[in-house]
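Subject: Structure handover

Hello,

Here is the structure we talked about. Please open it beside this email and follow along.

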Amino acid sequence: MALTGMLLLASTGCGAPPWQQSAGESTPAPTASVVPQPVPNDLSSGSTKRSLTTGAVTATVDYWSTLSMDRWTRTALKPVNLSMVTVVTPDDGQKVYLQRATMTAVPGNASESLSPLPQQVDQTESPGYLVLSPYSYSQVFTVGEVPPESTFVTLQFTFEYLVQTTPTSSEYAKQTATDSLTVALADGVSGG
């Protein structure tokens with residue numbers, strides 16, 4: 001009885017016993033399927049707000065697009081709106097001016113960054129646009145067509161400020177703030 005139980009136990013292993021497998025048959029190895037990672041999208045809700053601090057200047061920047069995210073395709077002209085206001089700390093009555101704003105759009109995909117599109121610049125005569133609250137700055141930059149292998153575009157912003165050294169001074173200190181947004185392309189999910 002004990003011998004029968006041991007034989008029964010020995011024959012109940014996993015899979016077919018070797019004598020029932022054909023000579024050329026092998027068990028296939030499990031394969032892992034690659035699931036594409038979702039592309040982050042800083043404008044997925046339609047807008048985003050950032051706080052940028054450089055020296056004594058803190059800028060609040062709102063970004064949005066008038067083109068819905070499902071229409072941000074590789075070939076579309078994609079507007080990027082921004083609105084900015086600053087405060088200075090300590091506030092001794094000096095003014096803050098935005099002298100230059102630039103946006104560089106860099107298309108990419110999961111494996112590489114592609115060549116950037118031409119930089120877009122909004123620059124004015126010195127000292128610049130008054131951006132100290134309650135005065136604000138608004139601008140629209142446009143992302144043009146990107147290569148077919150792009151799945152997203154990274155928007156790199158640079159803001160150059162001139163801050164009065166005193167409320168009555170014609171001398172300024174320069175401060176530079178940078179920011180970047182990643183925006184997924186609607187037709188970039190498959191990568192091709």
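**Strand pairing**

Serine 51 stands opposite threonine 60 in E2. Keep in mind that this is a predicted model. That facing pair belongs to a larger pattern: E1 and E2 run antiparallel and pair over eight bridges. The two strands form a hairpin with two residues between them. Look there for glycine 55, which takes a positive phi near 60 degrees.

E2 also pairs with E3. This pairing is antiparallel too, over eight bridges. Find alanine 59 and look across to E3: its bridge partner there is threonine 86.

**The two faces of E2**

Which residues of E2 are on the covered face, and which on the uncovered one? Val57, Ala59, Val61 and Tyr63 make up the covered face. Thr58, Thr60, Asp62 and Trp64 make up the uncovered one. In a regular strand, side chains alternate between the two faces of the sheet.

**The aromatic cluster**

Start from Tyr63, on the covered face of E2. Aromatic pairs number five in this model. One of them joins tyrosine 63 and phenylalanine 157. Their ring centres lie 4.9 Å apart, with 40 degrees between the planes, and the pair is tilted. The partners come from distant parts of the chain. Tyrosine 63 is in strand E2 (residues 57-64), and phenylalanine 157 is in strand E8 (residues 152-164). That puts them 94 residues apart.

Is phenylalanine 157 buried or exposed? It is buried, because its relative accessible area is 1% and the cut-off for buried is under 20%. Tyrosine 63 is buried as well, at 0% relative accessibility.

Phenylalanine 157 has another ring partner, phenylalanine 159. The centres of these two rings are 6.0 Å apart. Their planes meet at 10 degrees, so this pair is stacked. Phenylalanine 159 is buried, with a relative accessible area of 0%.

Now select the group together. Tyr63, Phe141, Phe157 and Phe159 form one aromatic cluster.

**Threonine 48**

Move to strand E1 (residues 47-54), where threonine 48 has its place. Threonine 48 counts as buried, at 19% relative accessibility. Which residues does threonine 48 touch, leaving out those up to four places away in sequence? They are Asp42, Leu43, Val61, Asp62, Tyr63 and Leu181. Tyr63 is the residue you met in the aromatic cluster.

**Salt bridges**

How many salt bridges does the structure hold? There are six. Here are some of them.

Arginine 50 forms one with aspartate 179. The closest N and O atoms are 2.7 Å apart. Arginine 50 is in strand E1 and aspartate 179 in strand E9 (residues 172-184). This pair links parts of the chain that are 129 residues apart. Arginine 50 is partly exposed, at 22% relative accessibility, whereas aspartate 179 is buried, at 12%. The link extends further: Asp42, Arg50 and Asp179 are joined in a network of salt bridges. Asp42 is also among the residues that threonine 48 touches.

Next, find aspartate 187 and arginine 74. Their side chains meet in a salt bridge at 3.7 Å, N to O. Aspartate 187 lies in the segment after E9, and arginine 74 lies in the loop between E2 and strand E3 (78-88), so the pair ties together parts 113 residues apart in sequence. Aspartate 187 is partly exposed, with a relative accessible area of 29%. Arginine 74 is buried, at 7%.

Arginine 100 and glutamate 160 also meet in a salt bridge, at 3.6 Å from N to O. Arginine 100 is in strand E4 (residues 96-108) and glutamate 160 in strand E8, so this pair ties together parts 60 residues apart in sequence. Arginine 100 is partly exposed, at 23% relative accessibility. Glutamate 160 is buried, at 15%.

**Where to look**

Begin with the hairpin of E1 and E2. Then trace the cluster of Tyr63, Phe141, Phe157 and Phe159. Finish with the network of Asp42, Arg50 and Asp179.

Best wishes

Key:
Residues numbered from 1 in each chain as written. Predicted model: local features only at pLDDT ≥ 70, side-chain atom pairs only at ≥ 80, totals over all residues. Heavy atoms only, no water. Phe/Tyr/Trp six-rings, centres within 6.5 Å; stacked < 30°, edge-to-face > 60°. Helix = DSSP H or I, 4+ residues; strand = E, 2+ residues; numbered from the N terminus. Buried < 20%, exposed > 50% of the residue type's maximum accessible area, 1.4 Å probe, protein only. Contact = heavy atoms within 4.5 Å. Salt bridge = Lys/Arg side-chain N within 4 Å of Asp/Glu carboxyl O. Pairing = 2+ DSSP bridges.
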